[in-house]
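Welcome, and please open your viewer for a short walk around this protein. Have the selection tool ready, and follow the stops in order.

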Amino acid sequence: MKSAMFYGKHDLRIEEAPRPTVGAHDVLIQVKACGVCGTDVHIYEGDKGAADVTPPTILGHEFSGVVAEVGADVTAFAPGDRVCIDPNHPCGCCEPCRDGINHYCEHMTGYGTTVDGGFAEFCAVDAQQVYKLGDNTTFEQGAMTEPVACCLHGIDMCNVHPGSSVVVIGGGMIGLLMLQLARISGATKVALLEPVAGKRAVAEKLGADLTVDSINEDPAAKLAEAGFGNIDVVIECVGKPVTIEQAIRLAGHKATVMMFGLTKPDETITVKPFEIFQKELVLTSSYINPYTQRRALELIDSGRLDVSSMVHAVARLEELPDILGKPELRALGKYIISPER
């Protein structure tokens, strides 16, 4: 089968790989769509993502497709089923798993990180991690289920209530999802800080009350002019120290600051403890997607969450090295890879 094999920093090769064998508990998925994630970029750049990657490995953890074959002990799925996956497969036996925090599993299998993933024509996945797509969900939308699931875990920790005012920093795919989830959660005022005009336009289409050019405009002044007052929640979706520090400055009294964007492992931020004390801030973060996959599927299939407007293009597997290596391409929006193209 055709695959995108990661061999190390800046070394991703489109090459033939053996079609995966199917174990008794596995489902073989013919991949139809696989999203390009910020974690993939971190790995390509030689940094640690949410999990360690030992090359050679086929990356890609946001994918959907059609069941091509099932293992001898699999009864919940059949060839032809349209499915997506939760790529994080906990062992169920270690202490974190037994304590109900299985996203900290000590023996986590990660499809597209610790084992081969979806940037290939086929991927074999344990049936426990496979979910059927809803009738109204396309393969491209199905590939967005995993990032939506991660965002749901994050928004659950943000303390958004009916009537809350929320500021989202960063208008990439994650920021645009968070903007919508804040709205669904009851926020009555939602602003987006984003320097790229095209992304601000998408945010306005998706319901942002205010969009701010965070480079050429003064965000604090613009927010005050728009009547945001005390900002209850700030969600940082960029993953840079400067925007995390900005989030802390913009947060109002008793606000929650969600540090959702993934920074490089060795980066640090400068904070003033007195500011945190004076405003009674809650600084928090969110790690992957425990127990949120079903909710993500239902939100997408219901049509209440738009996961298509932020997709820039569906690309061929051969285009993946350029997409991972060129920030100017990723700045255009979300890319979905179709291995069968």
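**Stop 1: the antiparallel sheet**

Begin by selecting β2, β1 and β4, which in that order make up an open sheet of 3 strands with antiparallel pairing. The edge positions belong to β2 (11–16) and β4 (57–58); each has a single partner strand, so one side of each is left without a neighbour in the sheet. Keep in mind as you look around that this is a predicted model.

Now show β1 (residues 2–8) together with β4: the two run antiparallel and are joined by 2 bridges. To find the register, pick F6, which stands opposite T57 in β4.

Two backbone details are worth a click here. Select H10 in the loop between β1 and β2. Its phi is near 60°, a positive value in a residue other than glycine. Then move to P56, in the loop between α1 (38–44) and β4. The peptide bond joining P55 and P56 is cis, with omega about -5°.

**Stop 2: the parallel sheet**

Next, select the strands of the open sheet of 6, where the pairing is parallel and the order reads β13-β12-β11-β14-β15-β16. Which strands stand at the edges? They are β13 (210–212) and β16 (282–285), and each has a single partner strand, so one side of each is left without a neighbour in the sheet. Look along the sheet for its twist: neighbouring strands are turned by 15° against each other on average, direction ignored.

Zoom in on β14 (residues 233–236) and β15 (residues 256–259), a parallel pair joined by 4 bridges. Within this pair, V233 stands opposite T256 in β15. Now add helix α5 (residues 173–184), which packs on the sheet and touches β11 (165–169), β12 (189–193) and β14. The direction of α5 makes about 170° with that of β12.

**Stop 3: an aromatic pair**

Turn on the aromatic side chains; a search of the whole structure finds 2 aromatic pairs. One of them is formed by Y104 and Y287, which are stacked at 5.2 Å centre to centre, with 15° between the planes. Y104 lies in the loop between α2 (95–98) and β8 (109–110), and Y287 in the loop between β16 and α10, so the pair ties together parts that are 183 residues apart in sequence.

**Stop 4: the second largest pocket**

For the last stop, switch on a surface. Rolling a probe the size of a water molecule over the atoms shows where empty space is left. The second largest pocket has a volume of about 250 Å³. Select D86, N88, P90, N102 and Q129 to find the residues nearest its centre, out of a lining of 17 residues. How many residues of this lining are nonpolar, polar and charged? The split is 6 nonpolar, 9 polar and 2 charged. To finish, colour β7 (88–89) and α10 (293–302), each of which supplies at least two residues of the lining of this pocket.

Definitions and conventions
Residues are numbered from 1 along each chain as its sequence is written. This is a predicted model: local features need pLDDT of at least 70, side-chain atom pairs count only at pLDDT 80 or more; totals for chains, interfaces and linings use all residues. Side-chain values use heavy atoms; hydrogens and water are left out. Two strands pair if DSSP finds at least two bridges between them. Axes are lines fitted to C-alpha atoms, for helices over the stretch in contact, and angles run from 0 to 180 degrees between N-to-C directions. Contact means heavy atoms within 4.5 Å. On a 1 Å grid over the protein atoms alone, a cavity is a set of points where a 1.4 Å probe fits but cannot get out, and a pocket is an open set with protein on both sides within 12 Å along at least five of seven lines; lining residues have an atom within 4 Å of a point. Grid points are joined across faces, edges and corners, and a volume is the space filled by probe spheres set on the points. Ala, Val, Leu, Ile, Met, Phe, Trp, Tyr, Cys and Pro count as nonpolar, Asp, Glu, Lys and Arg as charged, and the others, Gly among them, as polar. Rings of Phe, Tyr and Trp (its six-membered ring) pair if their centres lie within 6.5 Å; planes under 30 degrees apart count as stacked, over 60 as edge-to-face and the rest as tilted.
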